[in-house]
Amino acid sequence: MNGFDAQRQDSLKRRNIVSGGAALAPPTNSSGPNPKNNFPGRFPELDDDDIVSTVVPPVTIVLEGRSICQRISLHKHASYHSLAKALREMFVDGGDDGFTSENDNLDLSNAIPGHLIAYEDIENDLLLASDLNWKDFVRVAKRIRILPVKSNTRKGVPKG
């Protein structure tokens, strides 16, 4: 027996004494064998979304011109399409009232009519959303900003 085995046996003896003489059984998962849950330190009662939500905070959504912000958990969405649908439900009056054909072609460019969807990254740079792939966007987005589109026509300036 080497020194490592002796230390392991001492550790097991101490654990047995602390637990009142009965050996502690590893936690079981009622949903059946899952290789992801066999790693030490995993909590089988928490699913991956619960673990991610404790690590990845919700992102603040700021709509220019409104004083109240919204928050959204990006990890609960699978794509920009899903985010666009959520933004439309949050900010467009009427929510999802029968716009099923329109929602099929919904993306961030038309989620909120007359507005651009941008985001602030961890370096506070303001960038256009959907320029990154989805996973990178979820990783670096700190705040989503919804900005009104400005028209190209200048009013009050005479031509000529």
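**A salt-bridge network and a nonpolar core**

In this predicted model, a network of salt bridges links Glu-64, Glu-120, Arg-143 and Arg-145. A search of the whole structure returns four salt bridges, and the ones described here can be followed residue by residue.

A good place to begin is Arg-145, whose side chain meets that of Glu-64 in a salt bridge with an N to O distance of 2.4 Å. Arg-145 sits in strand E5, while Glu-64 belongs to the loop between E1 and strand E2 (70–72), so this pair ties together parts of the chain that are 81 residues apart in sequence. Both partners fall into the partly exposed class: Arg-145 has a relative accessibility of 22%, and Glu-64 has a relative accessible area of 32%. Arg-145 also meets the side chain of Glu-120 in a salt bridge, here at 3.1 Å from N to O. Because Glu-120 lies in strand E3 and Arg-145 in strand E5, this second pair ties together parts that are 25 residues apart in sequence. Glu-120 counts as buried because its relative accessibility is 9%, and the cut-off for that class is under 20%.

Another salt bridge is found within a helix. Asp-136 pairs with Arg-139, and their closest N and O atoms are 3.2 Å apart. Both residues lie in helix H5, with a spacing of three residues, or about one turn of the helix. Asp-136 is partly exposed, at a relative accessible area of 26%, whereas Arg-139 is exposed, at 60%.

Attention can now move to the nonpolar interior. The largest nonpolar core comprises 25 residues, and those with the most contacts inside it are Leu-74, Leu-83, Leu-87, Phe-137, Ile-144 and Ile-146. At least two core residues come from each of the following elements: strand E1 (59–63), helix H3 (80–91), strand E3 (115–120), helix H5 (134–140) and strand E5 (143–148). Of the contributors, H3 gives the most, supplying six residues to this core. Strands E3 and E5 therefore appear in both parts of the picture, since each supplies at least two core residues and the pair formed by Glu-120 and Arg-145 ties them together. Helix H5, likewise a supplier of core residues, is the helix that holds Asp-136 and Arg-139.

Leu-74 offers a helpful view of the packing. Leaving aside residues up to four places away in sequence, Leu-74 touches Val-59, Leu-83, Trp-134, Phe-137, Val-138, Ala-141 and Ile-144. Among these partners, Leu-83, Phe-137 and Ile-144 are also listed with the residues that have the most contacts inside the core.

Nonpolar side chains are found on the surface as well. Leu-116, Leu-128 and Val-149 form a nonpolar patch there, with about 250 Å² of accessible area together. Leu-128 is part of strand E4 (residues 126–128) and counts as partly exposed, at 41% relative accessibility.

Two loop residues deserve a short note on backbone geometry. Asn-124, in the loop between E3 and E4, has a phi near 65 degrees, a positive value in a residue other than glycine. Ser-130, in the loop between E4 and H5, also has a positive phi, about 80 degrees, although it is not a glycine. With a relative accessibility of 41%, Ser-130 is classed as partly exposed.

Technical notes:
Residues are numbered from 1 along each chain as its sequence is written. This is a predicted model: local features need pLDDT of at least 70, side-chain atom pairs count only at pLDDT 80 or more; totals for chains, interfaces and linings use all residues. Side-chain values use heavy atoms; hydrogens and water are left out. A nonpolar core is a set of buried Ala, Val, Leu, Ile, Met, Phe, Trp, Tyr and Cys residues joined through side-chain atoms within 4.5 Å. Buried means under 20% relative accessible area, exposed over 50%, partly exposed in between (1.4 Å probe, protein chains only). Helices (H or I, at least four residues) and strands (E, at least two) are DSSP runs, numbered from the N terminus. Contact means heavy atoms within 4.5 Å. Patches are made of residues with over 30% relative accessible area and no salt bridge: like charges are joined within 9 Å, nonpolar side chains (Val, Leu, Ile, Met, Phe, Trp, Tyr) within 5 Å. Accessible areas come from the Shrake-Rupley method with a 1.4 Å probe; for residues, only the protein chains shown count as cover.
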